[in-house]
Amino acid sequence: MTKQDEVKSAIETAVRFAIKNMGVDKFKKTSFFGSNDSERTQLDQAA
Amino acid sequence: MNFERISRENGKWDALWKEWDLACSEYDESISEYASSSLSILHPLANDPQVASAGVFGLFQDDQILATCQLNVCGLPGYTGKVIRLRHLVLAPKFDFDESSTIEDYVQVLTEVFAGTIAQANSAMKAKHAKLHFCSPADKQFFSDIELSLKKSSAFSSVALKGSWLYVSL
């Protein structure tokens, strides 16, 4: 396994862990990093 | 999936704009209102003459562009070695408007973008550290768990969460 493979594997494990901890249903309903809805949340909070 | 530079020069920014404009219209949405604060920053960066130390990147799968973001690398106070920063990550409209995207899709996109950033730090945009910016307070718990998991691996020499940034050292 190359160092980049190790990095990618660690990141994938971390992403799965974070989604699992948040709960799949909540993850799909909430705003999250990278989603357009995340911006909408910011705009809503600023309003 | 491929994580690569997007610019007007290589024609990929125009491709993104056309693809995402069409995708938005399929859901009766307008690209002019889609992730406008991030895309308005990425747009001039992609259109300007390209520099090696900064640019807009995209995640490609076949003929689809699944995500885009800004990367830049520079020296920052308090760091030994350069720092690559990921900001303004935006996922394709289908993730926002369509119910068909699965959790596995999100896992793959986020993994490929994060890992692609680290790959840039090890190649064209040499850096010893990486910082990932998250967009809203709602992301903080998500990144706290990312931090917790990454700290258990030996992939990075250090991992920390500070303010609205996840820091890793290669």
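How many of the 9 residues of strand 4 of chain B are buried? In this predicted model, local features need pLDDT of at least 70 and side-chain atom pairs count only at pLDDT 80 or more, while totals for chains, interfaces and linings use all residues. Residues are numbered from 1 along each chain as its sequence is written, and chains are lettered from A and ligands numbered from 1 in the order in which they are written.

**Strand 4 and its neighbours**

The answer is 7 of the 9 residues, so strand 4 of chain B is largely enclosed by the rest of the structure. A residue is termed buried if 20 or more other C-beta atoms, placed from the backbone, lie within 10 Å of its own. Strand 5 (residues 129–133) of chain B is likewise largely enclosed by the rest of the structure, because 4 of its 5 residues are buried.

The table lists strand pairings in chain B; two strands pair if DSSP finds at least two bridges between them.

| Strands of chain B | Sense | Bridges |
|---|---|---|
| Strand 3 (residues 64–74) and strand 4 | antiparallel | 7 bridges |
| Strand 4 (residues 83–91) and strand 5 | parallel | 4 bridges |
| Strand 5 and strand 7 (residues 165–169) | antiparallel | 5 bridges |

Individual residues mark these pairings. Val73(B) has Ile84(B) of strand 4 as its bridge partner. Val83(B) is bridged to His129(B) in strand 5, and Leu86(B) stands opposite Leu132(B) in strand 5. Leu132(B) also stands opposite Leu166(B) in strand 7.

**Chain B as a whole**

Chain B contains 5 helices and 7 strands, these being DSSP runs numbered from the N terminus (helices H or I, at least four residues; strands E, at least two). Their order along the sequence is β-α-α-β-β-β-α-α-β-α-β-β. The radius of gyration of chain B is 16 Å, which agrees with the value near 15 Å for a compact globule of 170 residues; the radius is taken over C-alpha atoms, and the globule rule is 2.2 Å times the number of residues to the power 0.38. Of the 170 residues in chain B, 41% are buried.

**Helix packing between chains A and B**

Helix 1 (residues 3–22) of chain A packs against helix 4 (residues 103–121) of chain B at an angle of about 140 degrees, with the axes 9 Å apart. Axes are lines fitted to C-alpha atoms over the stretch in contact, and angles run from 0 to 180 degrees between N-to-C directions. The two helices are therefore oblique to each other, a class left for angles that are not under 35 degrees, over 145 or from 65 to 115. Residues making the contact include Ile11(A) and Val15(A) of helix 1 of chain A and Leu110(B) and Phe114(B) of helix 4 of chain B, where contact requires C-beta atoms, placed from the backbone, within 7 Å.

Notes. Buried ≥ 20, exposed ≤ 12 C-beta atoms within 10 Å, placed from the backbone. Contact = placed C-beta atoms within 7 Å.
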